[in-house]
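User: I've got this model open and want to know what backs up the usual descriptions of it. Can we go through them one at a time?

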Amino acid sequence: MSEAKQYKYIGTRSIRPDGYDKVTGRANYGADMSLPGMIWGKILRSPHAHAKIKSIDTTKAEALAGVLAVASYADFPSVADEVVASGEGSSNLLDLANNILAKDKVLYHGHAILAIGARTAAIAEQALGLVEIEYEVLKPVLDVNDAMAADAPVLHENMFTQGLAETPTKASNIAARQEFKMGDIEVGFAEADIIVERDFYTPTVHQGYIEPHACTASYDQDGQSMVWCSTQGHFDVRTSTAKLLNLNLNRLKVIASEIGGGFGGKTTVYLEPVALILSRKSGRPVKMIMDRDDVFKASGPGSATRNWVKIGAKKDGTITAMQALLHYEAGAFKGSPVMMGCMTAFTPYAVPNMYVEGYDVVVNKPKVAAYRAPGAPQAEYAAEMVVNEIADKLGIDPIDLRLKNAAKEGTQTIYGPKLKAVGLVECLEAAKNSPHYQAALKENQGRGVAAGFWFNVGGQSSVTLNMNPDGTGTIVEGSPDIGGSRASMQLMAAEELGMPAENLKPIIGDTENVAFSAGTGGSRTTFATGMAVIEAAQDVVRQLKERSAAVWNLTADQIEYQEGETFSGDNRMTVAEICAGAERTGGQITGRGNINARGAGPSFAVHLCDVEVDRDTGKVDVLRYTAVQDAGKAIHPSYVEGQLQGGAAQGIGWALNEEYVYSADGHMENAGFLDYRIPLASDLPMIDAIIVEVPNPFHPFGVRGVGESGIIPPLAATAYAVSQAIGLPITDLPCSPPNVLKVIQDNA
Amino acid sequence: MPVVEYKVPENIDAAVSMLSNTQLSTKVMAGGTDLIIQSRAQSSDPLVVVDVKHIDSMMAAVIVDGGLNLGPSMSCAQFTARHDIKAIYPGLVEAAYLIGSTQVQGRSSIGGNLCNASPAADTIPALIANGAECVIQGPQGERIVAAEDFVTGVGQNCMAQGELLTRIQIAAPQANTSDAYLRFIPRTEMDIAVAGAAVSVTLDADGTCTAARVSIGAVATTALLVPDAAKALIGTKLDEAALAAAAAAATAASKPISDRRGTVEFRRHVVGVLTRRAAVIAAERAKEK
C-alpha cells in the first residue's frame, strides 16, 4: 500500500462557518420565521390511545372571534395508496395522511385530529377547547406480545400480514414478516461446543432533539406556496407535502431553517401539510409549533423491541451459527425498521450460518420514525450481549473473540453483497490497545465491549459552486447541516481547488435554487454531497483552465492547475484574476455536481464502557467510555469526534434511563425532559474518541459516513458492563435504578 | 391564571394587609420558580400576586445565639454561599443546593420550597430533622408551627388566607450535633427526588448518640418525621445494628406511590438506604465539631 495521501485542508479543524450565528443566537430555526398577516395553527390531539371517532362538531370553535380556519382529514385531496421515499425510510401516503390528521380512528395518545388557525395562539388554543368530539373508546395494545395475541384488538381492519407463505384472510397487527438466511444454522449449531440464547427487551425511546418541530407556511392566491421548516430533508418535505396536497413540485418552495437536532426524527412531515391547508383556507400565512409534550407524544420515536438471539461457538471461540427472532413495534402504522435490524444484527461477524426472522408489528403508540442507524441498535444489542456471554463462558477475551470472527473485506453478508474494504479489525485492535482497555477495575465495577455495524448510504446530491468576480466562491448544496457538514463541504472544496476554506462559503439552498438532494440521513451527507462538491469543484477547475487557455491562446489540455493558480510554461493566473476577467472570456463561472452516489462505505464501531453499580440502589455510574470508529477519512476531525461522542451519549441514555412510560390505558406519562431522562453533561465522563481511518475506496478522499454507527455499541457495552459489575445477566433495558435493583434483589 | 393585581409591599404588615383585604385568590411570590410554571396550567380565576422580595427581613439570614433566623424568601444561591450557616447546618445547605439548577437557585428559596409543599421538596426533610419552626403572621397576629406540621398535604400547607410565612427559625444545636440530607435521583442533577432522607444526630464524648431526628421525603404525601428511626439511633454508637434498625424504621414509615419516577418497592427500599447513609454522614460531621 502507498503512503497515506497528504492533504492541505481536509483533516484540519477549521472554524465552522455556521458557528458564530449559532453561538450568538442570530441563527434562524424552525420557529423563527414570521410573515406579515401571519396567524397561528394549533392541533387538537387525541386523549385516548385507541378509539373510533364517532362525530366531530366544530360549530362553537368556528364561531369564536379570531378563528379563521379549521383543517381535518377531509381537507386532503383524495390520497393515493402509494409509497413515497422519505429520508431513511419510506411512507405510505394514506398512512402519512392518517397520521397527520386522523381519518376516523385515533390510534395513539396525542394522535392529531384536527387543526385550528386563529389570529393568536391563545385564541387557537381556546377554540380547540370548544370542539366537541364523541369517541368510542377501544382497548389499546401497547406491546408486541399483546399486539400479536390471537384475541388482540386490531388497529387496522384492512391490514393483512405480508411475507407469509399463504396470504392471510384475517386482519392482524402483524404488518409483515421478513427473513434473511445463509448457510445452515442446524449444521452450525451441531458443530458448536457452547450455545447461548436469551430474550431481550428494549423500550420505546425518543431522539430527544432539542428543537421541537416547527414551520411557517404560506399558500398564495396564485397557487404558489412556501414552507419554512426545521427538517433533515426539505426536498423530502416538498415531495410528501406536494403529494398529499396534489401540487406540482414547482408550486411548492420549501426552505430548510437551521436545525436544532434531528437524529432521524425530522425526516418526515407532521405540521407542514396542515399549515398549508390552514393557509389555503384562511388566506393567511400560518405558523405552527409543537411543544415538548407534542414532540414526545406525537412525533416519531424509535421502536420498542422484543428480540431473541441464539449463538453457537466452538471452544476455541469460532462462532458456528447465529440466529435471531426480532419483533419491532412500528407504532400506529406499519413500517418499523425491523428489516434493518435483520440485516445488521450479525454483520460484524464472518460466520457462514445465520438465520434472522423479523416481525413488523403495529401498536397504539406514535408511528416510529428513523432514529440514528434505525433498527440497528436494538438487534445488535441482543447479538452483542450474547457474544459477550459466550466470550465469558469460554474464558476468551471479548475483543479476541471478536477478532477471531470479525467481518472483513470479502465477508459474505446475510443481506446479499460481500463487504468491500472495512475497518472492523482495525477498530478492535485500536480498542484493545487503548489505555482504557488496560486499566484495572475495582469492586462493583464492570466493563463492557460491543461492536456496531451500519451500512451508510449514498444517493442523490446536487451542488452548484458559484464563483464570484473576486475569486471567492459560494457552495450551494441541498443537504441540511445537522452535524457540521458545511464545514466539511468547505474543506473538501478547498482541497480540490487548492484555495483557503474561508474563501468558499457553503450555504443550504432551498428547493428552488439547487436541484433535488436527498435528505441528511443514512450518514450520507459528507460522503455523497461531499462527492457532489468535489465534482462541482472539478467542474470549476475545468472552466478555469478553459478560460486561461482562451487568454493564452492555448488549448485547455495544455493548462495545469495547482494551489489556486493556472499555469502553462511561464504563464500564470490566479483564480481571482481569472474570475475578474470572466466577463471577457464568456461570463461568470459556475461549477455543477449532480450525482447519484454509489459505494457508501460501512462504518464499524467498537466501544468500551466501564461502570460502577451502587448495589443498594441499583444506580449505575459511567466511569469511563471510549468510542472507536472507522471514519474512512476524517474530513473535519472535531465533527467526527462529535459524532462518535454524541452517538455514545445517546446510546448510553438508551441503555440507562430512557423509556416511554405508559399507563395501562395507553397514556404516555413522562412526556418531558424531567422524566424522560436523557443523560446530562454531569452524568457522563469525557468520552474518548478514537478515529480509525481505513479509506473507503469509492470516495475520492476515502470518506465513510460516521453519523450513525456510534449509537449502536453503547447499549450492549453499557448493559454488559452493568451485568459484569453485579455478576448477573441483564436482558431488559433500560438499566434504570429500579430495574437493576430488582435484578440484584431477585438473585439475592 | 390572569393576574389582576401585582403588589409589592415593603414590610410584613403591609404584605399581610394586602393578603387579607381582598376577596380574590392570593399568591405570595418570591422567586416565582414554582408559581410561574403553575400559572400556565391552573384555573382562570383572577389572582392577586404579592411579591415579597422587597421586604428586607424576608430576604435575610441571621445567626442569633448560634441558631438561625432565616428570611423565607432568601434565594438558595445566597443561602448556600453562607459559610457560617453551612458550618452549623451542612445538611440543610446541601438540600438547598440540590434544588433545580444553578440558574433556578438564583430565584428559588427555602420558604418557597416549604410553602409549595411538594412531597418531593428537598429542604423540608432537612428543616424537619433540624427541628425548624415556621413563624406565620396573619391579621390576628403571629403563630409558630413546627416544620413537620407545616405541610398538610400535596401542595397544601397550614396557612389560612391572609397569612404569610415571615421567618424560619432553628434553635442553636447542642454541642457535637450535625446533619446530612441525601436524595435519590436516577441522574446527577436537575431532577426530582425519588426518595430523600435527612438526619440530625448529637453525640456525646465517647461517640454515643444522645439525640437524633430523622425525616424522610418523597415517600408520602408530605415529608415525615420518623421518631422510630431516631429511637433506633439514640443510645447507640451508630453501629451496624442501629443503622439497619433506623433504615428499617424509615422503610416502615414510608407510604410511597408508584409513578413514573419509581415504584413503591423501590422507594421503600431506597429511603432506608438513604437514612442509613445520611446517619453515617451526620455522625462523622458531629464528631468533627
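Analyst: Sure, starting with domain spacing in this predicted model. The C-alpha centres of domain 1 and domain 3 of chain B lie 35 Å apart.

User: How do you know where the domains of chain B begin and end?

Analyst: Those bounds come from an automatic or database domain assignment. It splits chain B into domain 1 (3-51), domain 2 (56-170) and domain 3 (177-288).

User: What makes chain B as compact as a globular protein of that length?

Analyst: Set the value against the rule: for 289 residues the globule rule gives 19 Å, and the radius of gyration of chain B is 19 Å, so the description fits. As for extent, the C-alpha trace spans about 60 × 45 × 35 Å along the principal axes of chain B.

User: What share of chain B counts as buried, and what does a residue need for that?

Analyst: A residue needs 20 or more other C-beta atoms within 10 Å of its own C-beta. By that cut-off, 50% of the 289 residues of chain B count as buried.

User: How do you know which residues of chain B are in contact with chain A?

Analyst: Two residues are in contact if their C-beta atoms lie within 7 Å. On that test, 15 residues of chain B are in contact with 17 residues of chain A. Helix 12 (residues 264-288) of chain B gives the most to that side, with 4 residues. By class, the side of chain B that touches chain A has 7 nonpolar, 4 polar and 4 charged residues.

Notes: Residues numbered from 1 in each chain as written. Chains lettered and ligands numbered in written order. Predicted model: local features only at pLDDT ≥ 70, side-chain atom pairs only at ≥ 80, totals over all residues. Rg over C-alpha atoms; globule rule 2.2 N^0.38 Å. Buried ≥ 20, exposed ≤ 12 C-beta atoms within 10 Å, placed from the backbone. Helix = DSSP H or I, 4+ residues; strand = E, 2+ residues; numbered from the N terminus. Nonpolar A, V, L, I, M, F, W, Y, C, P; charged D, E, K, R; others polar.
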